[in-house]
Amino acid sequence: MDIIHIAAEVAPIAKIGGLADVVFGLSRELIRQGHQVKVIIPKYDCVDLSPLHDLEVDVEEFFTDFEGERYSNKAWRATCMDLPVYFIETMHPRAFLDRGKIYGCEDDADRFLYFSAAARDLIVSKGWSPDVVHTHDWQTGVVPTLYKELDGAKTVFTIHNIEYQGQCQPEQLTSIGLEGPQYLKPDLMQDHSDRAKVNLMKGGIVYADFVTTVSPSYAEEVTGWLGGRGLDPTIMMNRQKFRGVLNGLDYEFWNPQTDPYLPANFSLSGDHEHTLKNRAIVTKALRESMGLADEDRPIVGVVTRLVPQKGIHLIKHALYRTIELGGQFVLLGSSPIPEIQAEFEALRDQFQDHSHVQLELGHDEELSHLIFGGSDMMLIPSLFEPCGLVQLIALRYGSVPIVRRTGGLADTIEDVNYSEKPISERNGYTFDHTDANALNSALDRAIHCWKHHPEVWLRLREQGMSCDFSWERSAREYVGIYEDICAK
Ligand code: ADP
């Protein structure tokens, strides 16, 4: 099949979170399974061009209509680990894509409406006729609406996080050639909380031929009042074309056996002693790079966007609890929310000279790999989590996940003591509630096991490393969806 993904992020070159990993990993697996795949993303000025090969101009000039004027764009083409990526650069005087960041501008809705229209224009100007155009989250939620006017491609829309929905004025739809006010109806794109606005994620749900979200549990949660964030009635109305497909992980990129960011490589299949020795080298390098004391203590790692969804109060509590229990705590995170960033900067400064706690505030791909490969346990205490990739990466790199049982975390992590699954299928620690005691109930058990039952700990780590959350099965499920909608 011929599939085009249109998205705001793709790993590792334009990445804020899991969306980027999913677009990258799913696309590459679809290629491995014999399909033609392209990804179209914005050519932000902050794209990391270093992993790209053969970057060149593909279309010198093509046009997009915006607010009644015609603007010129340029398309670039490159490959990123064999994945063909097309970049849209715009000459629009508002420099929509040159903001030094991917999200967080006041006119984000205009920026991504323009990009969505330009992506459609690129496809048309190239004469491509994909079987399926697959779009992701609110930023490209308008694409299925744009596509309903073009014959040909079917559309799939994936909800990666229903928290961010992209509300805007109907006139902003008009600016890209749609009849904006016509969409201001409850069964179309009218926003549930501000009835004068349209909701771009809702448009994706209503107009796509099929809608997915990133885990079966989250698919369940978003049909409810709490999880649906106001879109639950829309999802219920469209449930015949809605399904949760568990994300996979790109096992070639996230591979501790070949990972170039690690100072020593290891794998489960290697000689046991060699694996232990090399993993210990990574742990030592992590301690050195973060300035932690080189002592025999369990390291609890956190790699996250610092937003309320991720359980900020529980992350802070875990820091203090880890010290109390004699562990070490490392955090790599950054926040788009100034108050949270400031709160963590204060915490970082407070622990600057501490030998068992260090916080690094920013986005750092290399350090994240070191934390996955060098920590003993990875904490993910999310209040909600559509799928979560951190726990999947942690499993693969031998860091035992400690997670709150919600969304995709519940679908992938089985508690070593309390699961109904056979012992051999258990791979971490879970807790249910959102208070400090609940977190303690899991963190305490993990640190106790690390300290007092090292042989059990090693077995648990190995069971985690042997889990298979590669993209293969999930990509086949997507292909099934693509085939079904194309057959209709
Ligand atoms: P979300 O998409 O909600 O941020 P996921 O768990 O699905 O959460 O994906 C997070 C991805 O972003 C993972 O690949 C993780 O390693 C990466 N990541 C998160 N924060 C950072 C950071 N500060 N530096 C480097 N990578 C990060």
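**Helix crossings and ligand contacts in a predicted model**

Me: In this predicted model, which residues of H10 meet which residues of H15?
Reply: From H10 the residues are Leu314, His317, Ala318, Arg321 and Thr322, and in H15 they meet Ala436, Leu439, Asn440, Leu443, Asp444 and Ile447. By class, this contact has six nonpolar, three polar and two charged residues.

Me: Why are H10 and H15 called oblique to each other?
Reply: The axes of H10, residues 312-324, and H15, residues 436-452, cross at roughly 45° and come within 10 Å. Angles under 35 degrees count as roughly parallel, over 145 as roughly antiparallel, and 65 to 115 as roughly perpendicular, with the rest counted as oblique. An angle of roughly 45° belongs to the rest, and therefore H10 and H15 are oblique to each other. As for its hand, the crossing of H10 and H15 is right-handed.

Me: Why are H1 and H17 called roughly perpendicular to each other?
Reply: The axes of helix H1, residues 18-32, and helix H17, residues 472-487, come within 9 Å and cross at roughly 75°. Because angles from 65 to 115 degrees count as roughly perpendicular, H1 and H17 are therefore roughly perpendicular to each other. Leu26, Glu29 and Leu30 of H1 make this contact with Glu472, Ala475, Tyr478, Val479 and Tyr482 of H17, and the residues divide into six nonpolar, no polar and two charged.

Me: What makes the pair formed by Asp21 and the ligand a polar contact?
Reply: A polar side-chain atom of Asp21 lies 2.9 Å from an oxygen atom of the ligand, and a pair of N or O atoms within 3.5 Å counts as a polar contact, so this pair qualifies. By that cut-off, Gly362 also qualifies, with a backbone N or O atom 2.8 Å from a nitrogen atom of the ligand, and so does Asp364, with a polar backbone atom 3.1 Å from a ligand nitrogen atom. The ligand is surrounded by 21 residues, and the closest are Lys15, Gly18, Arg305, Lys310 and Gly362.

Me: Is the peptide bond from Ala11 to Pro12 cis or trans, and where does Pro12 lie?
Reply: The bond from Ala11 to Pro12 is cis, with omega near -10°, and Pro12 has its place in the loop between strand E1 (2-6) and H1.

Me: What is the phi of Glu67, and where does Glu67 lie?
Reply: Glu67 has a positive phi of about 50° although it is not a glycine, and Glu67 lies in the loop between strand E3 (52-66) and strand E4 (69-80).

Definitions and conventions:
Residues numbered from 1 in each chain as written. Predicted model: local features only at pLDDT ≥ 70, side-chain atom pairs only at ≥ 80, totals over all residues. Heavy atoms only, no water. Axes fitted to C-alpha atoms, helices over the stretch in contact; angles between N-to-C directions. Helix = DSSP H or I, 4+ residues; strand = E, 2+ residues; numbered from the N terminus. Left-handed = near helix turned anticlockwise from the far one by under 90°. Contact = heavy atoms within 4.5 Å. Nonpolar A, V, L, I, M, F, W, Y, C, P; charged D, E, K, R; others polar. Near = heavy atom within 4 Å. Polar contact = N/O pair within 3.5 Å; in protein donor to acceptor, adjacent residues only side chain to side chain.
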